[in-house]
Amino acid sequence: NLFYSRTINDPSIAAKYTGKIGKTSYGVISARDESSLLLVPFEETSSVVSMGKSTSNIFRAKRMIGGNGGSIGAILTNRVFDDAGDMTTGGLDFHYHPGNNYHITLHATASIHNESDNYEYVDEAYDFTQLFFDNGRYTKAFDGEKITGNALGFSLNKRTRTDNFGVVLRLRSPGFRTSNGFERNNATKWLKASRGKTVFYENNPKLLKTDYNISTIYKTNYSGLVKKQELSFSTSSDLRNGDFFKVSAEFEKENFRGYQFDNLYEFEVGYRNQINSKFMHYSELQSREIIIRNLDVPENSNYYQVKNYVEYKISDKSNFGIGISYEKAEDNYDGILLRASINNSFNSKLTMRTKIQYSDFSNTWFIEPMITYQPNAFSALYFGINDLLETEDNMFSSLTESKRQLFIKFQYLL
């Protein structure tokens, strides 16, 4: 997650150049952002900070090695905020396929954040000790410090048609941050092991295949405190008529802000029904015991969620989908999320996609139509609008526009 393009929030101008020389591919992105948002991670939480205007430069290179898809790569990202400091992140990654369906991945990253002393971010801590991190080495507030950090990762996976397993280790030091990435937590040592099996049914008149999976997670902080233990099971089946169903269960222990929660769980059941070649329906039910984290004293709560989604293929060139989700955490919150999408292909070169979302939690509508014109395989022009509307008491009362953004993107491959 060292680069996430949406960190360039409101570009006034942006350019991307990609190329390839032999076995080495590379890319450069430069952008001027008029309203920069910075994701600041800590051990248990993260905050999005408004940083004003900024300039971002990202460089990525990758060279293929061996004859089995292995590679070695490097990335360097830099973001300079106008009168508000700067951030630089650099990393190396290595991918290797030794054979027999094994895949090994290694990555190493370092980061430097030269804070301003403008206090763009001031932590609203629930006690004095939470104003600091990394054993008191740094303050959370942006007060002119130089924050340095690093991240290391290793994974070993094997996947065949019927079997898979994996081991993943991730280390994120307390000072690790990304200039243009999406890292929500640091100060963690995280280990995951998983095992799966797929059973194919050659002669069953209804079942096509069934997947079985089990995984476990063990997470500590850099002081050695166990923060999370998790064990999960899941199974899913594909039917020959296009239907699909899944069942999963998860059991978890977590230490959050010094409070221990030992009886967290999640049960989930989902079913997709392919009614005919044009009409599909999906339903999902969740029951969970979760942590309500935004309270002065965090507490656990029963949580329920019901999802329903339908999709209709109007023609070979058009389809429409709409979904509704109801969520409730007892004695804390409840509400609905409504999503819809419309896709239409006018011809082989011109398409239009529209997304619509309503949130009962924030009383907002989000509308995003986008037109794509692709005259050939090497170039494309995108034009779209992001529109945010606010309501008062219900979905349609006193609709007012709070934000509108127009964007144009041109892509050309040399």
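Reader: Let's start with the surface. Which residues form the nonpolar patch, and how much accessible area do they have together?

Author: The general idea is that nonpolar side chains tend to be buried together in soluble globular proteins. In this predicted model, a nonpolar patch sits on the surface, made of I371, Y373, F378, L381, F383, L406, I408, F410 and Y412. Together they have about 950 Å² of accessible area.

Reader: Which strands supply at least two residues each to the patch?

Author: Look at β21 (364–376), β22 (379–390) and β23 (400–412), each of which does so. The biggest share comes from β23, with four residues.

Reader: Take F410, then. Where does it sit, and is it buried or exposed?

Author: F410 belongs to strand β23. Its relative accessible area is 58%, and F410 counts as exposed because the cut-off for that word is over 50%. As for strands in general, side chains in a regular one alternate between the two faces of the sheet.

Reader: Now the pairing. How do β19 and β20 run, and how many bridges join them?

Author: Strand β19 (residues 333–345) and strand β20 (residues 350–359) are antiparallel, with nine bridges between them. For one rung of that ladder, find N344 and look across to M352 in β20, its bridge partner. The turn is a hairpin, with four residues taking the chain from β19 to β20.

Reader: What happens between β20 and β21?

Author: Antiparallel pairing again, over ten bridges. Here S359 faces T364 of β21. This hairpin has four residues between its strands, and N363 adopts a positive phi near 55 degrees.

Reader: Let's go inside. How many residues does the largest nonpolar core have, and which have the most contacts inside it?

Author: That core has 13 residues, and the ones with the most contacts inside it are L38, V40, V49, M51, F81 and F142. Strands β2 (24–41) and β3 (46–65) each supply at least two of the core's residues. Try L38 as a way in: beyond its sequence neighbours up to four places away, it touches residues including V49, M51, F81, M87, H113 and F142.

Reader: H113 turns up there. Is it buried or exposed?

Author: H113, in strand β6 (residues 102–115), is buried, with a relative accessible area of 1%. Leaving out residues up to four places away in sequence, its contacts are L38, D86, M87, F142, E145, K146, I147 and R177.

Reader: What about a residue in a loop, say D243?

Author: D243 lies between β13 (226–239) and β14 (244–256). Its relative accessibility is 3%, so D243 counts as buried. Setting aside residues up to four places away, D243 touches S237, D238, Y271, R272, N273 and Q274. For a sense of the fold around D243, H281 is 38 residues away in sequence, with a C-alpha to C-alpha separation of 9.5 Å.

Reader: On to charges. How many salt bridges are there?

Author: Side chains of opposite charge can pair when their charged atoms come close. The count here is 19 salt bridges. One of them joins R32 and D82, with the closest N and O atoms 2.6 Å apart. R32 is in strand β2 and D82 in the loop between β4 (70–81) and β5 (85–99), so this pair ties together parts 50 residues apart in sequence. R32 is partly exposed at 23% relative accessible area, and D82 is partly exposed too, at 34%.

Reader: What does the salt bridge of E254 with R293 look like?

Author: Its closest N and O atoms are 2.9 Å apart. The two residues sit 39 apart along the chain, E254 in strand β14 and R293 in the loop between β16 (279–292) and β17 (299–313). E254 is buried at 11% relative accessibility, while R293 is partly exposed at 37%.

Reader: Which strands does the salt bridge of E368 and R353 tie together?

Author: Those two side chains meet at 2.8 Å, N to O. E368 lies in β21 and R353 in β20, so the salt bridge links parts 15 residues apart in sequence. E368 is buried, at 9% relative accessible area, and R353 is partly exposed, at 21%.

Reader: Which residues do salt bridges with shared partners join into one network?

Author: Look for K246, E268, E284 and K307, which are joined that way.

Definitions and conventions
Residues are numbered from 1 along each chain as its sequence is written. This is a predicted model: local features need pLDDT of at least 70, side-chain atom pairs count only at pLDDT 80 or more; totals for chains, interfaces and linings use all residues. Side-chain values use heavy atoms; hydrogens and water are left out. Patches are made of residues with over 30% relative accessible area and no salt bridge: like charges are joined within 9 Å, nonpolar side chains (Val, Leu, Ile, Met, Phe, Trp, Tyr) within 5 Å. Accessible areas come from the Shrake-Rupley method with a 1.4 Å probe; for residues, only the protein chains shown count as cover. A salt bridge is a side-chain nitrogen of Lys or Arg within 4 Å of a carboxyl oxygen of Asp or Glu. Buried means under 20% relative accessible area, exposed over 50%, partly exposed in between (1.4 Å probe, protein chains only). Two strands pair if DSSP finds at least two bridges between them. A nonpolar core is a set of buried Ala, Val, Leu, Ile, Met, Phe, Trp, Tyr and Cys residues joined through side-chain atoms within 4.5 Å. Contact means heavy atoms within 4.5 Å.
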